[in-house]
Amino acid sequence: MSGKLVKYMMDESYSSVPSHVKKALKDALTDIIACTIAGTKTNVFEIASKFSNRQWGAGASSILMTSNKLSASGAAFVNATSANALDMDDGHRLVKGHPGAIVFPAVLAAAEEYNISGEEFLTSLLIAYEVGIRAGILAHHLRPEYHCTGSWGAIGAAAGVCRVIGLSEAEMNHALGIAEYQSTYSPMMRCIEKPSMLKDGIGWGSMTGISAAYLAKEGFTGIPSLFEMEEACAYLQEFGQVYRTEELYYKPYACCRWAQPGIEALRELIEKYHLSKAYVEKIAIYTFAESASLSRSYPKNTEEAQYNLTFPVAAYLYAGEVGPDQVLNELENPEILKIMDKIEVYESEECNQEFPKKALSRMEIKDYEGNLYASRIHQAKGDYDYPLTSKEKRQKFTRLVVPTLGAERCDELFECIQTVENLKTIRQLSELIKLGGIKHERTPN
C-alpha cells in the first residue's frame with residue numbers, strides 16, 4: 001500500500017493542482033507565518049531559542065525574527081514552538097490538532113538548507129499537510145487514547161522533508177516509519193488538565209519529523225508506517241484527488257479551539273442586545289465535554305490562559321478581543337478575573353453529539369435587572385464551512401505581524417507570500433521574516 005503514498009510524494013506538483021487548492025495552501029502559509037512571528041514574543045520561544053543555541057550547531061536554517069541560523073532540526077524545533085505558542089495556528093477538526101505548526105517549520109528548515117525554489121517549497125509543504133492530516137485521522141481512529149499533534153504531525157513533517165531532500169522510495173518509507181515510531185506519543189488530556197509549555201508536543205514533533213527524513217537519508221531504518229495498515233486504504237486513494245488542506249480552520253482568537261464557540265455566542269449577545277460588562281450578573285456556557293474540561297481557574301501564565309474556558313470569554317467581554325495582548329499581558333487584570341467569577345459551565349449532550357466534527361456552544365446571560373438573554377448554538381468561527389472572510393484573514397495577519405515588523409514590512413511580507421512560487425530561492429522569504437528581529441547570541445557548548 002505504501003507505493004501509492006510514495007508515488008504521490010514523488011509526483012505531486014504545486015503547478016498542477018487546481019487554483020482553489022493553491023489558494024488554500026497560500027492561506028495556510030500566510031496564517032502560520034503570522035502565528036510564528038507573533039509567537040516570538042512569548043517566554044516559551046525564548047526558552048526554546050536558548051536551549052537550541054546551546055544544543056544544536058550552527059547551520060543554514062533560520063530562527064524566524066532573529067538573525068540566528070541553526071541546523072535544520074534545531075530550527076524546526078524553535079520555529080514550531082513559536083508557531084503554536086499563542087494557540088492561534090491552523091487546525092483540522094478530524095485530527096483535533098494543529099498540522100501547520102509542525103509541518104511548516106520542518107519543511108522551511110530543510111528548504112533553506114537545500115536552497116530550493118519557492119515553487120518546490122510549496123509542493124513540499126502541500127505534501128506535508130496532506131500526509132499529516134491523514135496521518136492524524138488514522139492515528140485517532142487506530143489509537144484509543146487522545147494523543148497530541150506531535151504524535152501524528154511528525155509523519156506529515158517527514159513526508160514534506162522527504163520531498164525537499166530527494167529521498168528514494170525505500171528511504172521515504174523508512175522516514176515515515178521512523179517519524180511515527182519516534183514521535184511524541186503523548187496523552188493530550190493530561191496537558192489540558194495541567195497546562196504547560198508542552199502543549200501539543202508540536203516543537204518536538206516537528207524536530208522528530210525532519211530528523212526522521214535526515215536519518216533515513218543516512219540509511220537509518222524504520223517500521224512500516226500506519227499508512228501500511230488496512231484502515232489506510234481509503235485515505236491512500238484520496239491522494240492527488242482530494243485536498244484536505246482545504247478543510248483547515250483558522251482561529252480568530254488566542255486560545256484553545258474548544259473555547260472559541262463560547263466567544264462566538266457571547267459576541268452574538270453583545271451585538272444583538274448591546275450588552276456590556278457593567279450589566280452582566282451571570283453567564284452560563286453550555287458546551288461539549290472536552291470544552292467543559294478546560295480550566296476555569298485564574299491563569300498564572302499564558303499556557304493556562306490559552307487552555308482555559310472562562311478566561312478567554314471574560315477577556316472578550318472586557319476587551320472585545322482575545323489576542324496576544326490578553327493572553328500575555330492581562331492575566332492579572334482584576335476586571336477580567338471578576339467576570340470569570342460570574343461564569344458557570346454546563347455540559348450539553350446536543351453539543352457532545354457533534355464533536356469533533358464541530359465545536360459547538362451556546363450561552364445565556366442574566367443581567368442585574370433579572371433579564372435573561374439566550375444565544376443560538378454557535379460553531380467555532382474559521383472552520384472551512386464557517387470560514388473567516390479574506391478580509392478577516394488579512395486583518396489577522398496584520399494584527400499579528402505589524403507589532404513586530406511594522407506596517408510597511410508587513411505588507412511586503414504579505415505580498416511575497418502571495419507570489420512565493422516565483423522566488424528563485426526560499427531564502428528570500430526567510431530573509432524578510434528575520435528583518436527587525438532580535439539577534440540571539442550563541443552560547444558556546
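**Exercise 1.** How many cavities of 30 Å³ or more does a search of the whole structure find? Describe the largest cavity and its lining.

*Solution.* The model is a predicted one.
- Step 1: the search of the whole structure yields one cavity at or above the cut-off of 30 Å³.
- Step 2: the space in the largest cavity comes to about 210 Å³.
- Step 3: its lining is made of 20 residues, and those nearest the centre are Lys-96, Gly-97, Tyr-249, Arg-257 and Trp-258.
- Step 4: sorted by class, the lining of the largest cavity holds ten nonpolar, two polar and eight charged residues.

**Exercise 2.** Give the volume of the largest pocket, then state which element gives the most to its lining.

*Solution.*
- Step 1: the volume of the largest pocket is about 490 Å³.
- Step 2: 26 residues line the largest pocket, with Met-197, Leu-198, Lys-199, Gly-201 and Ile-202 closest to its centre.
- Step 3: two or more lining residues come from each of helix H3 (43-55), helix H4 (72-83), helix H9 (188-193) and helix H10 (202-217).
- Step 4: H3 gives the most, with four residues.
- Step 5: the classes in this lining are 15 nonpolar, seven polar and four charged.

**Exercise 3.** Characterise the second largest pocket by its volume and by the classes of its lining residues.

*Solution.*
- Step 1: the second largest pocket has about 280 Å³ of volume.
- Step 2: of its 15 lining residues, Pro-252, Tyr-253, Tyr-316, Glu-392 and Arg-399 lie nearest the centre.
- Step 3: at least two lining residues come from each of helix H12 (260-273) and helix H19 (390-405), and H19 gives the most, with three.
- Step 4: the lining of the second largest pocket contains six nonpolar, three polar and six charged residues.

Technical notes: Residues are numbered from 1 along each chain as its sequence is written. This is a predicted model: local features need pLDDT of at least 70, side-chain atom pairs count only at pLDDT 80 or more; totals for chains, interfaces and linings use all residues. Side-chain values use heavy atoms; hydrogens and water are left out. On a 1 Å grid over the protein atoms alone, a cavity is a set of points where a 1.4 Å probe fits but cannot get out, and a pocket is an open set with protein on both sides within 12 Å along at least five of seven lines; lining residues have an atom within 4 Å of a point. Grid points are joined across faces, edges and corners, and a volume is the space filled by probe spheres set on the points. Ala, Val, Leu, Ile, Met, Phe, Trp, Tyr, Cys and Pro count as nonpolar, Asp, Glu, Lys and Arg as charged, and the others, Gly among them, as polar.
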